[in-house]
Amino acid sequence: MARALFTELQEVRAQRDEARRQLETLGVLSIAQLEARRAELERQIAEQSERLAQEKSEATATSESARRLLEEARKSIVETEDLALLQEAGVYRYRHPLTDAVAYQKVLEENPNSGRGHD
């Protein structure tokens, strides 16, 4: 009887070893390996979600900036169109030749009696 049990035990071990080889061949992983793989995938998903949220935030900021620039450009176009209409009607904005400091300085340098100390 002991021999029969021993023979049966060897057959069961051989079946077990064959089953393990088949599982490895089929790519079946152990529970621990599956858990480790799941944890790694969850970590990758979290990283990608964080990256996506950051990119979304940056895209929103860029979009808002572009919208503000467009609004400013539209206002500038309206002002330019208004100015063009006034000029077509013969209305011009007078600009004095000495309105900026460079032009004023130039006139002062050209005129020796411009108010600087006399020698």
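**Reading the salt bridges of a three-helix model**

Biologist: The side chains of R38 and E35 meet in a salt bridge, 2.7 Å from N to O. What makes a salt bridge here?

Modeller: Side chains of opposite charge can pair when their charged atoms come close. The rule is a side-chain nitrogen of Lys or Arg within 4 Å of a carboxyl oxygen of Asp or Glu. R38 and E35 satisfy that with 2.7 Å. By this rule, the count comes to nine salt bridges.

Biologist: Before I go on, how should I treat the model itself?

Modeller: It's a predicted model, so local features need pLDDT (the predictor's confidence in each residue, from 0 to 100) of at least 70, side-chain atom pairs count only at 80 or more, and totals for chains, interfaces and linings use all residues. Residues are numbered from 1 along each chain as its sequence is written, and side-chain values use heavy atoms, leaving out hydrogens and water.

Biologist: Where is confidence highest, and where is it lowest?

Modeller: Where pLDDT is low, the predicted coordinates should not be read in detail. In this protein chain the average is 81, and 82% of the residues score at least 70. Helix 2, residues 31–88, comes out highest with a mean of 87. Helix 3, residues 101–110, is lowest at 75.

Biologist: And how many helices and strands are there?

Modeller: Helices (H or I, at least four residues) and strands (E, at least two) are DSSP runs, numbered from the N terminus. The protein chain has three helices and zero strands. Going along the sequence, you get the pattern α-α-α.

Biologist: Back to R38, then. Where do R38 and E35 sit relative to each other?

Modeller: Both are in helix 2, three residues apart, which is about one turn of the helix. R38 also belongs to something wider: E35, R38 and E42 are linked in a network of salt bridges.

Biologist: Which other pairs in helix 2 should I look at?

Modeller: Try E40 and R43, whose side chains meet in a salt bridge at 2.5 Å, N to O. Because E40 and R43 are three residues apart in helix 2, about one helical turn separates them. Then go to E64 and R68, where the salt bridge spans 4.0 Å, N to O. E64 and R68 are four residues apart in helix 2, so there too the separation is about one helical turn.

Biologist: Are E35 and R38 buried, partly exposed or exposed?

Modeller: Buried means under 20% relative accessible area, exposed over 50%, and partly exposed in between (1.4 Å probe, protein chains only). R38 has 40% relative accessibility, so it counts as partly exposed. E35 is partly exposed as well, because its relative accessible area is 40%.

Biologist: What about the other two pairs?

Modeller: Take E40 and R43 next. E40 has a relative accessibility of 28%, so it counts as partly exposed, and R43 is partly exposed with 40%. Moving along to the pair at 4.0 Å, E64 is partly exposed at 31%, and R68 is partly exposed at 44%.

Biologist: What share of the whole protein chain counts as buried?

Modeller: Of its 119 residues, 1% count as buried. Keep that figure beside the partly exposed values of E40 and R68 when you turn the model around.
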